[in-house]
Every structure is written in C-alpha cells, then in structure tokens.
Amino acid sequence: MTPARSTGSPARTRLILVRHGQTDYNKEGRLQGQVDIPLNATGTRQAGVLAAAVAANPPDLIVASPLERARDTAQIVASSCGLEVTTDAALIERSFGTWEGLRGEEIRRHWPTEHADWRAHRPVTGLGLEDRPAVAERIADACRRLVAENTGRTVMVVSHGAAITLGITALLGLDADDFRGIAGLENCHRSVLEPLTSDTSGRLMRLVSHNLAPDFT
C-alpha cells in the first residue's frame, strides 16, 4: 500500500529585524553609533507596543545587539513572549568614530569635505568611521548564521538603524557602497526576510515586508 502523502507545508524560516526604541540621541538628531545610550520614556513605550503585537505570533528566539537600547527593547518583547534574550556583538551599530554624539549640522560645519564624502557614500578616513561594506557583511553574516542554525523557525534580531539597513542590502545581494534604495527603519519598526530558495549558496534572502510599525499585526 502506498503511504498517504502529507498535506502539511514545511515550516517557514523567517528573519525579523527590529530597530530599537527611541533614545534621547534619536530625538535630538545625534549620531549614536556605538555609544551606549538608553531608551527614553517614548522608546520604552514603543517597545511595549511592539511587544503586545509580537506576543500574538511570537518568534522562536530573540537575539540582540549588546548595546543597552537594543538589549532593553529585546527584553521588553521577550518578556511578553516568555523568551530569553541572547546578545551577539556582531549585531552592534555601525561605528561613527569621532562623530558619535554630534548632530548633522555640527559635522557639516567642522568636517565639510568628509561630511560630503559620507553623504555620497564615499569612504571617510582618519575619523574612525566603519566602512559601509564592512558593516553590511558583519550584520549579514550574523543573520545568515542565525538563519542556518534555525531552519523552520522565526528568528528576531533587535539591532540598530544603520546596521539593519546595511545588513538588508547585503542579504539582498546589493552593493552597500552604491545602492541607496532601502529606507531606514524607524524606531521599533521591523522588517521581515526569508531565505531565497533559488539561491544555492544560501547567502541571499528576499525582503517580504519592510518598516512595519510596532502595532502592525
């Protein structure tokens, strides 16, 4: 007798990238980079709204950047889902070196040439800025590893604005220096990616949703 064919579909492998909640530096328009700035009251509320939405369809695991704003956002979400948060240093924000803590107008005034290069996505040397391609591959490699280790599961990564945008660029197989078509995430917004099944290398993903609001269900 021929055994009955299963009608169940294999579980999807999903990657959810979440930007942390608001900080005072966000509110003031300052570059944060790797400075360890905490959530402000608005950011804590944003994380709570996100947590309520995520609890209805929770991920299988949550991994965060070790910076406090990302870690605390992740912990608020995890508490609503009965999960623990693990951290991964590879998910930290892009370093902006000397410019961390400054507003755009301050950078433009004191470093006009370097600021113009930065805005044009050209390399800036001597100030400690992490190159875009290096950030893109750092984030993408961490995400690829998490996805490969969790086939059929949903992985939530809580990280940072520049890091996530650059990571998505690399995961889509795009040039982090030249491509500018992916908008940055707002605070506590999230994007959803899935492995690109036609890619035999296992390195590429497809963008399913982008910049979803905290209360989107």
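How many positive and negative side chains does the protein chain have, and how far apart do the centres of the two sets lie? In this predicted model, the count comes to 24 positive and 26 negative side chains, with the two centres 4 Å apart.

As for the overall build, the protein chain holds seven helices and six strands. Read from the N terminus, the order of these elements is β-α-α-β-α-β-α-α-α-β-α-β-β. The chain is as compact as a globular protein of its length, because its radius of gyration is 18 Å and the globule rule gives a close 17 Å for 217 residues. Laid along its principal axes, the C-alpha trace covers about 80 × 40 × 25 Å. Of the 217 residues, 47% are buried. Among contacts with a separation of 6 or more, 71% are between residues 24 or more positions apart. The surface that the protein chain exposes adds up to about 10700 Å², and 50% of that comes from carbon and sulfur atoms.

Helix 6 is a good place to look at what gets covered and by what. This helix takes in residues 132-149, 18 residues in total, and runs 26 Å from first C-alpha to last, close to the 26 Å expected at 1.5 Å a residue. Its buried residues are Arg132, Val135, Ala136, Arg138, Ile139, Ala140, Ala142, Cys143, Arg144, Leu146 and Val147. An α-helix has 3.6 residues a turn, so residues three or four places apart point the same way. The cover over the buried residues of helix 6 includes several strands, namely strand 1 (14-19), strand 2 (61-64), strand 4 (154-159), strand 5 (190-195) and strand 6 (205-212). Helix 7 (161-171) is also part of that cover.

Helix 3, at residues 68-81, is where Ser80 sits, and Thr73 belongs to helix 3 too. Which of these is buried, and which is partly exposed? Thr73 is buried, because its relative accessible area is 0%, under the 20% cut-off. Ser80 counts as partly exposed, since its relative accessibility of 33% falls between the 20% and 50% limits.

Their contacts can be listed in turn, setting aside neighbours within four places in sequence. Thr73 touches His20, Gly21, Leu39, Ala47, Val158 and Cys188. For Ser80, the contacts are Ala51 and Ala55. Ser80 can also be placed relative to Asp117: the two are 37 residues apart in sequence, and their C-alpha atoms are 43 Å apart in space.

Terms used: Residues numbered from 1 in each chain as written. Predicted model: local features only at pLDDT ≥ 70, side-chain atom pairs only at ≥ 80, totals over all residues. Heavy atoms only, no water. Helix = DSSP H or I, 4+ residues; strand = E, 2+ residues; numbered from the N terminus. Expected span 1.5 Å × (residues − 1). Buried < 20%, exposed > 50% of the residue type's maximum accessible area, 1.4 Å probe, protein only. Contact = heavy atoms within 4.5 Å. Rg over C-alpha atoms; globule rule 2.2 N^0.38 Å. Areas by Shrake-Rupley, 256 points an atom, 1.4 Å probe, with all protein chains shown as cover. Lys, Arg positive; Asp, Glu negative; His and termini not counted. Charge placed at Lys NZ, Arg CZ, Asp CG, Glu CD.
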